[in-house]
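I opened this model to look up its pocket, its cysteines, two helices and a few loop residues. My notes follow.

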Amino acid sequence: MASRILVLASQSPARLGLLRQAGLDPQVRVSGVDEDALSAATPGELALVLAEAKANVVAGQLTGGELVIGCDSVLELDGQALGKPADAAEATARWLAMRGREGVLRTGHCVIDTATGRQASATASTTVRFGTPDEAEIAAYVASGEPLHVAGAFTLDGRSAPFVDGIDGDPGNVIGLSLPLLRGLLAELDLRITDLWA
């Protein structure tokens, strides 16, 4: 099989890292989608709408033959979709609300084969059990700047990892991309993930 060009429609270094660890070597192209302009009835649907929008914008910029992967994550807490906090005050309030509780990290995934125009998409969900960092720990974490750049104001593979007691589901999904789900979406498009190894 001829080598396919893989394009990640996301600027997330965590997503890029997951794909590279799995033997893939995607190009990165940021979509520029205005996330605030899109809405959906549920957090899971919103994650999917955002992922599909990003993938479709990038696919429309390509000449054909590439495989585009679009993803977007939100944390569902109390039925609300929480993306990246707007500022330090919001990140602090978010952590005060999350500690000692569970949330569900929902990541929309969309794969578009620009050679055929076919598309497959789905949302992966992972339950996150937050620990109980004290206010000084939360303040130190917020001061690091990390929570301002990630959905839900936390990471599983960064400075807030000690504040996550556990998860139920795919850890990669919390980091930003579910590799098992990606494999399934590629299969829907008659592609094997092993054929895309670099």
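**Cysteines**

I began with C110. This is a predicted model, so I treat every value below as computed from it. The closest cysteine sulfur to that of C110 belongs to C71, at 8.9 Å, which is too far for a bond. A disulfide is a covalent bond between the sulfur atoms of two cysteines. The cut-off I used for a pair is 2.5 Å between the sulfurs. I then looked from the other end. For C71 the closest cysteine sulfur is the one in C110, again 8.9 Å away and too far for a bond. My disulfide count by this rule is 0.

I also checked burial for both. C110 is buried, at a relative accessible area of 1%. C71 is buried too, at 0%.

**Pocket**

Next I looked for empty space. Rolling a probe the size of a water molecule over the atoms shows where it is left. The largest pocket comes out at about 800 Å³. I listed its lining and got 35 residues, of which R15, K84, H149, V150 and A151 are the closest to the centre. Four elements give two or more residues to this lining: α1 (13-21), α2 (43-59), β3 (67-77) and α5 (171-175). I sorted the lining by class. It holds 17 nonpolar, 10 polar and 8 charged residues.

**Helix α1**

One of the central pocket residues, R15, sent me to α1. Which residues of α1 are buried? I found R15, L16, L18 and L19. They cover an arc of only 160 degrees around the axis, so they sit on the same side of α1. On the other side, P13 and Q21 are exposed.

I then asked what covers the buried residues of α1. The cover includes the strands β1 (6-8), β2 (27-28), β3 and β5 (102-113), along with the helices α5 and α6 (179-188).

I noted the backbone just past the helix. G23, just after α1, takes a positive phi of about 90 degrees.

**Positive phi outside glycine**

I looked at two further residues with positive phi. D78 has a phi near 55 degrees and is not a glycine. I placed D78 in the loop between β3 and β4 (80-82). Is D78 buried or exposed? It counts as exposed, at 58% relative accessibility.

A153 also has a positive phi, about 65 degrees, although it is not a glycine. Its place is the loop between α4 (135-143) and β7 (164-168). A153 counts as buried, at 0% relative accessibility.

**Helix α4 and its partner**

I went on to α4. Its buried residues are I138, Y141 and V142. They span an arc of only 95 degrees around the axis, and that puts them on the same side of α4. The face turned away from that buried side carries A136, A140 and A143, which are exposed.

What do the buried residues of α4 pack against? I found α3 (88-98).

I took T92 as an example from α3. T92 counts as partly exposed, at 28% relative accessibility. Leaving aside neighbours within four places in sequence, T92 is in contact with I138 and V142. Both of these are among the buried residues of α4. I also took one distance to the pocket residue H149. It lies 57 residues from T92 along the chain, and their C-alpha atoms are separated by 14 Å.

**P147**

My last stop was P147, in the loop between α4 and β7. P147 is buried, with a relative accessible area of 0%. Which residues does P147 touch, not counting those up to four places away in sequence? I listed P85, A91, Y141, V142 and A153. Of these, A153 is the buried loop residue noted above, and Y141 and V142 are buried residues of α4.

I closed with a distance. P147 and A198 are 51 residues apart in sequence, and 32 Å apart in space from C-alpha to C-alpha.

Conventions
Residues numbered from 1 in each chain as written. Predicted model: local features only at pLDDT ≥ 70, side-chain atom pairs only at ≥ 80, totals over all residues. Heavy atoms only, no water. 1 Å grid on protein atoms, 1.4 Å probe; cavity = no way out; pocket = protein on both sides within 12 Å on 5 of 7 lines; lining within 4 Å. Points joined across faces, edges and corners; volume = space filled by probe spheres on them. Nonpolar A, V, L, I, M, F, W, Y, C, P; charged D, E, K, R; others polar. Buried < 20%, exposed > 50% of the residue type's maximum accessible area, 1.4 Å probe, protein only. Arc of directions from axis to C-beta. Contact = heavy atoms within 4.5 Å.
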